[in-house]
Amino acid sequence: WKQAQNMRQRRAYHSCTQVWLTPDADDILTSLLTNTSVVSVVVAGGVYRDEQEHHPTNSVEIYLPWNDTWLDLPPLPHFTADGTVYNMTETHIMSLATSGSGNRLLHLVGGGLTDWNTGEETVTRKVWQLQFNRGTHSYQWTDQYDSDMDMLMESISSVAVGVPDNFFAGFSF
């Protein structure tokens, strides 16, 4: 084992997924693999503890193995529940290559926010996709292409995502 560079944001209870990166592409997360593509990891959300206090984080980072660094992706999106806007800090991130609309690769499947003082959790059924804007050479999360999930998932202690059989019917492959 060789230790890689530390993440920019320390975290626990985060979500992560394996991804293929293409270092020589404008969009390194393109789902089109080449002879130079490499495996990497994306981490999202979570919490860190400092002096007996929990600090939720909405940051998302991707590891760039070719130069042993971490690149910030856009923070986790906000969501609305019962008319209140929440800052998502917990999610289930997954790598899923889809066709059409730019071969989207990363998806946030649900998410939430935990009040660490009360233990109360607010969750959402929303699904987001990470899109690359070729004009600005930047990424952004969007929820305009996928319908909401049929069920809510607890976000902080779930280690796996279970989805109903008809969930993937909303994606274009």
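Which side chain meets E61 in a salt bridge? Keep that residue in mind; the tour comes back to it after the strands.

**Whole chain**

Load the full chain, a predicted model. Colour by secondary structure: 12 strands appear and zero helices. Read from the N terminus, the elements are β-β-β-β-β-β-β-β-β-β-β-β. Switch to a surface display. The accessible surface is about 9,700 Å², and 48% of that belongs to carbon and sulfur atoms. Of the 173 residues, 40% count as buried. For contacts between residues at least 6 apart in sequence, 53% join residues at least 24 apart.

**Strand β1**

Select residues 15–21, which form strand β1. Show the side chains and look along the strand: they alternate between two faces. S15, T17, V19 and L21 point to one face and are buried. C16, Q18 and W20 point to the other face and are not buried.

**The open sheet**

Add residues 38–44, strand β2, which runs antiparallel to β1 and is joined to it by seven bridges. To find the register, pick L21 and look across to V38 in β2, which stands opposite.

Next add strand β5, residues 60–64. Three bridges join β5 to β2, and these two strands also run antiparallel. Here V43 stands opposite E61 in β5.

Add β6 (69–73) to complete the set. The four strands make an open sheet in the order β1-β2-β5-β6, with antiparallel pairing. β1 and β6 stand at the edges with a single partner strand each, so one side of each has no neighbour in the sheet. From one strand to the next the twist averages 30°.

**Salt bridges**

Search for charged pairs: the structure holds three salt bridges. Side chains of opposite charge can pair when their charged atoms come close.

Return to E61 and display R11. Their side chains meet in a salt bridge, at 2.5 Å from N to O. The pair links distant parts of the chain, with E61 in strand β5 and R11 in the segment before β1, 50 residues apart. Are these two buried or exposed? E61, at 0% relative accessibility, counts as buried, and R11 is buried too, at 10%.

Now select R8 and D72. Their closest N and O atoms are 3.2 Å apart, in a salt bridge. R8 lies in the segment before β1 and D72 in strand β6, so this pair ties together parts that are 64 residues apart in sequence. R8 has 56% relative accessibility and counts as exposed; D72, at 43%, counts as partly exposed.

For another of the salt bridges, go to D143 and K126, where the closest N and O atoms are 3.6 Å apart. D143 lies in the segment after β12 (138–142) and K126 in strand β11 (residues 121–133), so the parts tied together are 17 residues apart in sequence. Both residues are partly exposed: D143 has a relative accessible area of 29%, and K126 stands at 28% relative accessibility.

**Aromatic pairs**

Finally, show the aromatic rings. How many aromatic pairs does a search of the whole structure find? The search finds four. One of them is F132 with Y139: the ring centres are 5.0 Å apart and the planes are at 55°, so the pair is tilted. The cut-off that decides this is that planes over 60 degrees apart would count as edge-to-face. F132 is buried, with a relative accessible area of 16%, and Y139 is buried as well, at 17%.

Terms used: Residues numbered from 1 in each chain as written. Predicted model: local features only at pLDDT ≥ 70, side-chain atom pairs only at ≥ 80, totals over all residues. Heavy atoms only, no water. Buried < 20%, exposed > 50% of the residue type's maximum accessible area, 1.4 Å probe, protein only. Contact = heavy atoms within 4.5 Å. Areas by Shrake-Rupley, 256 points an atom, 1.4 Å probe, with all protein chains shown as cover. Pairing = 2+ DSSP bridges. Phe/Tyr/Trp six-rings, centres within 6.5 Å; stacked < 30°, edge-to-face > 60°. Axes fitted to C-alpha atoms, helices over the stretch in contact; angles between N-to-C directions. Salt bridge = Lys/Arg side-chain N within 4 Å of Asp/Glu carboxyl O.
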